[in-house]
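Student: Could you take me through one part of this protein closely, namely its nonpolar core and the helix packing around it? I would like the cut-offs behind each term as you go.

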Amino acid sequence: MPKLILEELDTHLLVFSPYLALTKLLAADPQLADLGQNAWAALNDAHRTDLPLVHAPHVLALGCVYLASVVCSRDIRAWLQTLDVDLNQARIDLLTSHTI
């Protein structure tokens with residue numbers, strides 16, 4: 001139904017997938033390899049929300065890596081400080097969207 005409404009309004013919606021960004025993040029550092037499965041699951045769950053519409057793909061992928069590190073009890077703060085991304089906003093949005 002929403003797709004039909006968008007078509008009638010002659011609106012084009014383009015959403016970039018964060019899966020490529022997640023794959024590149026995980027491949028860039030071998031120490032993150034064990035977080036891959038949980039990060040991928042978090043990204044799948046994130047697509048049930050409006051997060052892919054609100055955040056850039058690389059920010060969403062980074063937030064999922066952070067969420068996976070929390071689930072796996074891994075401290076990746078040193079790695080995160082090497083990146084030029086504001087994780088605070090992504091962390092807040094991801095954690096609040098996963099609240100039941």
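Tutor: What follows goes from the chain as a whole to the core and then to two helix pairs. This is a predicted model, in which local features need pLDDT of at least 70 and side-chain atom pairs count only at pLDDT 80 or more, while totals for chains, interfaces and linings use all residues. Residues are numbered from 1 along each chain as its sequence is written, and side-chain values use heavy atoms, with hydrogens and water left out.

The protein chain has seven helices and zero strands, where helices (H or I, at least four residues) and strands (E, at least two) are DSSP runs numbered from the N terminus. Of its 100 residues, 34% count as buried, that is, under 20% relative accessible area with a 1.4 Å probe, protein chains only.

The largest nonpolar core has 22 residues, and those with the most contacts inside it are Leu22, Val65, Ile76 and Trp79; such a core is a set of buried Ala, Val, Leu, Ile, Met, Phe, Trp, Tyr and Cys residues joined through side-chain atoms within 4.5 Å. Helix 2 (19–28), helix 3 (36–46), helix 5 (57–71) and helix 6 (77–81) each supply at least two residues of this core, and the largest share, eight residues, comes from helix 5. Leaving aside neighbours within four places in sequence, Leu22 is in contact (heavy atoms within 4.5 Å) with Ala39, Trp40, Leu43, Ala61 and Val65.

Helix 3 and helix 5 pack at an angle of about 125°, with their axes 8 Å apart; axes are lines fitted to C-alpha atoms, for helices over the stretch in contact, and angles run from 0 to 180 degrees between N-to-C directions. Helix 3 and helix 5 are therefore oblique to each other, since angles under 35 degrees count as roughly parallel, over 145 as roughly antiparallel, 65 to 115 as roughly perpendicular and the rest as oblique. Their contact is made by Asn38, Ala39, Ala42, Leu43 and Ala46 of helix 3 and Leu60, Cys64, Val65, Leu67, Ala68 and Val71 of helix 5, which divide into 10 nonpolar, one polar and no charged. Here Ala, Val, Leu, Ile, Met, Phe, Trp, Tyr, Cys and Pro count as nonpolar, Asp, Glu, Lys and Arg as charged, and the others, Gly among them, as polar.

The axes of helix 2 and helix 5 come within 8 Å and cross at roughly 50°, which makes helix 2 oblique to helix 5. Ala21, Leu22, Leu25 and Leu26 of helix 2 meet Pro57, His58, Ala61, Leu62 and Val65 of helix 5, giving eight nonpolar, one polar and no charged residues.

Note on methods
Buried means under 20% relative accessible area, exposed over 50%, partly exposed in between (1.4 Å probe, protein chains only).
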